[in-house]
Amino acid sequence: MIGKSVPRVDAYEKVTGRAKFTEDLIPQGCLTAKILHASIGNGIVTSIDTKAAEALEGVVKVVTFKDVPDHCYPTPGHPWSVEPAHQDVADRNLLTGRVRYYGDDIAAVIAEDEITASRALKLIRVEYEEYPVEIHPRKSMQGSNPPIHFDKKDNVLARSNYMVGDVEKGMKESETIVRGTYKTPIVQHCHIENPISYAYMEKGRVVVVTSTQIPHIVRRVISQALGIPWGRVRVIKPYIGGGFGNKQDVLYEPLNAFLTTQVGGRPVKLDISREETFCNTRTRHSIEFDLAAGVDKEGRLLAKDMHSYSNQGAYASHGHAIAANGLTSWRLQYACPNIRGEAYTVYTNTPVAGAMRGYGIPQVCFAIECFMDDVANAIHMDPLEFRRKNLIRGYYEDIYLKPIAANSNGIFECLKKGADYIRWDEKRKEYAGQSGSIRRGVGMALFSYKTGVWPISLEISGARLSLNQDGSVQVILGATEIGQGADTVFSQMVAETLQTDMEHVHIMSTQDTDISPFDTGAYASRQTFVTGTAVRHCAEILRDKILAYAKTLLPDIDTTELELRDNWIWAGGERAISLSALAEESYYSLTNSSVLTAEVSEQVKRNTIATGCCFAEVEVDLKLGKIKILHIINVHDSGKLINPQLAEMQVQGGMSMGMGYGISEQLLLDEKTGRPLNGNLLDYKMMTMLDTPEIKVDFVELNDPIGPYGNKALGEPPAIPCAPAIRNAVLHATGIAFNENPLTPQKLIDGFRKHGLIAADSR
């Protein structure tokens, strides 16, 4: 089954509308909750009057920041640590009177229906003491009065740095030194299903049904937020309409859990709007980078220096982990004896930044890969040749985090496939020295990406398999299917290990913390690698139990001769007993009944690096400031592909996100208030089908020696290299280096005017 493009196991349920999402499961008589958001960007609530709202017919309860537990809790989807030094920053309250960004949560209304709840919000009267708003990290890190969080002396959440070799010495020995500053924007995940949950109480416990990537982590955070034992919380994750990292954070589940306790355990639905999703959930960090590099006469890197400044927004969420992940990437892939990196994560009065597909690498990749083109340009070397000269060949490992290593490294094969498809050498020459208002160019970018979070954090996953009476297998996992096809891949893994077909594997798509084995969730491109390790081990245990039971039914046959294949037990090359007959016997034998099950909890202490590249050809209309993507390809080294068709679909979706990141997507904020200016799907410019070119995908399949089936990361990498590849193609077409994405028409026109490519008064 490994390497076959089998249909998705959830396809039929989804296309027929039978799949049950959170909205489909809400019980009759469920109350509706709505949140009152602050109308200032920084300050304190000095008074709040809820009397009129409480008097409105149909309102069941109004709660404010004065009514919630006064202790703080963390929200990121990270495994918990028993060591306080490694625990996440706890700086959230369920509701707050200290407003830190425009839209902060200060009160909530519970009503019989949505209309009444919305009307009640308008009746609440709030007065504020306002403070100045700062939305830029470099300014905010200088401090503010008062600090955004009172318990901190300044607005710097965290800082980290490292040094490899002697950067100053390397710079002095360099023939050429190049410097550049790059900036990436705030963007939103824009998953189809908004974060939605409903909560109720049962037998003294709080039950939350929610669209989340991390049900077991949500359970823990709810207990911390409410100050109740973890065992008194149950979290259920049904089918989910996408997450991309936004739902790798604990969003409104703790508040919803609290609200049901305030109405006697009655079910309460908290379904936020698209506008609230933009502003009040999580965004991708905007990060600014200062880069420098020195190269010798042959164009080899002698020294690299990076300083980055990450805009965290108002609360810690995933915090410094994003910027630190980018800082790690600065050490990987390119051979260089002297490397320095320093990263700051800074609180600002902006919507909270958290995890998003790529976890800091789309930002740092944009900076690094744009910079590498700029270095190549400065020394008059072809960008592809420059990379080939400086990339690490074969195996390499991170000098600081040595379990992280490229155990297989197909980047040179990826580069060849990408260059051949785009006809790199031919078009670099053809498009040189263009004139006129319509110009073309080709560009490329590459990436490396870790698989999972070990050794930075815990990697653990659980699997439970049981043999049904008919010889089929039931699979229950804590790992979450969020639309990426994980359930299909896990089913293939079970079928492969048990040498059966997909029709005999039944996987539960719903995760329930009362039932599902513990797994930290869907993130970090970890599931086929980490959960796959648990699945394979569990299936091997079940296989061995099946063969051991077969020995009791076939006492005259040596156990070493037994083999499980094609739903039969084989002995000496011949069929001995069908798996269905064995299973029936195991359930109902009067003398030897033993239901065959297996369960494992696997801590995975390994990591491996996936690599790849993107090549793009663009057409630039100078006067209109428009970029048309003519051709684009991603080539991935993700080890052995479990399901090639699913893999291609993953890459296509990621490339669409990457193209949007490159040319159109940006959450704009008012400088004075921090209020989002385009927080809706009309004004926030995502790629549409009309904007999207034909997307080409290719792979280099090198078996990774530590992957459970030779596989490694694929979920997040496709979204990483497209934006810098497009930028570098624009550089080739126009000669102008744009160092901030997205490359919007206004940004392009301003740049073309500045460099004299179009007249200053052109329309």
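This passage describes the overall form of a predicted protein model, followed by some of its strands, one of its helices and its aromatic contacts.

In the predicted model, the protein is built from 20 helices and 29 strands. Its radius of gyration is 27 Å, close to the 27 Å that the globule rule gives for 763 residues, so the protein is as compact as a globular protein of that length. Along the principal axes, the C-alpha atoms fill a box of roughly 90 × 75 × 50 Å. Of the 763 residues, 63% count as buried, and the accessible surface of the protein comes to about 29,000 Å², with 50% of that surface belonging to carbon and sulfur atoms. When contacts between residues at least 6 apart in sequence are considered, 80% of them join residues that are at least 24 apart.

Strand β14 (residues 301-313) offers a useful point of entry. Twelve of its 13 residues are buried, so β14 is largely enclosed by the rest of the structure. Strand β14 pairs with β13 in the antiparallel sense over ten bridges, and within this pairing Ala293 has Lys304 of β14 as its bridge partner. The hairpin formed by β13 and β14 has five residues between the strands, and Gly299 in this hairpin takes a positive phi near 90 degrees. Strand β14 also pairs with β15, here in the parallel sense and over nine bridges, with Tyr347 in β15 as the bridge partner of Gly313.

Helix α10 (residues 321-329) is mostly covered, since seven of its nine residues are buried. The buried residues are Ile322, Ala323, Asn325, Gly326, Leu327, Thr328 and Ser329. The elements that cover them include the strands β13 (286-295), β14 and β15, together with β7 (156-164), α11 (361-378) and β18 (438-450).

A further set of paired strands is found around β20 (residues 473-477), where four of the five residues are buried, so that this strand is largely enclosed by the rest of the structure. Strand β19 (residues 460-467) runs antiparallel to β20 and is joined to it by five bridges, with Ser466 standing opposite Gln474 in β20. Five residues lie between the strands in the hairpin of β19 and β20, and there Gly471 takes a positive phi near 90 degrees. Strand β20 pairs in addition with β21 (residues 505-507), in the parallel sense and over three bridges, and in this pairing Val473 stands opposite Val505 in β21.

An open sheet of three strands has the order β4-β2-β6, with antiparallel pairing. Strands β4 (98-99) and β6 (125-130) stand at the edges and each has a single partner strand, so one side of each is left without a neighbour in the sheet. Strand β2 (residues 43-49) is joined to β4 by two bridges, and the partner of Ile44 in β4 is Arg98.

Turning to the aromatic residues, a search of the whole structure finds ten aromatic pairs. In one of them, the rings of Phe21 and Tyr239 have their centres 5.9 Å apart and their planes at 45 degrees, so the pair is tilted. Phe21 lies in the loop between α1 (11-15) and α2 (22-25), whereas Tyr239 lies in the loop between β11 (233-237) and α8 (253-261), so the pair ties together parts that are 218 residues apart in sequence. Phe21 has a relative accessibility of 23% and therefore counts as partly exposed, while Tyr239, at 14%, counts as buried.

Tyr309 and Tyr344 form a stacked aromatic pair, with 5.6 Å from centre to centre and 0 degrees between the planes. Tyr309 belongs to strand β14 and Tyr344 to strand β15 (residues 339-347), so this pair ties together parts that are 35 residues apart in sequence. Tyr309 counts as buried at 13% relative accessibility, and Tyr344 is buried as well, with a relative accessible area of 16%.

Aromatic rings also take part in contacts with charged residues. Arg92 lies over the face of Tyr315, at 4.2 Å from the ring centre, and Arg565 lies over the face of Trp570, at 4.0 Å from the ring centre.

Key. Residues are numbered from 1 along each chain as its sequence is written. This is a predicted model: local features need pLDDT of at least 70, side-chain atom pairs count only at pLDDT 80 or more; totals for chains, interfaces and linings use all residues. Side-chain values use heavy atoms; hydrogens and water are left out. Two strands pair if DSSP finds at least two bridges between them. Rings of Phe, Tyr and Trp (its six-membered ring) pair if their centres lie within 6.5 Å; planes under 30 degrees apart count as stacked, over 60 as edge-to-face and the rest as tilted. Buried means under 20% relative accessible area, exposed over 50%, partly exposed in between (1.4 Å probe, protein chains only). A charge sits over a ring if NZ of Lys or CZ of Arg is within 6 Å of the ring centre and within 35 degrees of the ring normal. The radius of gyration is taken over C-alpha atoms; the globule rule is 2.2 Å times the number of residues to the power 0.38. Contact means heavy atoms within 4.5 Å. Accessible areas come from the Shrake-Rupley method with a 1.4 Å probe; for residues, only the protein chains shown count as cover.
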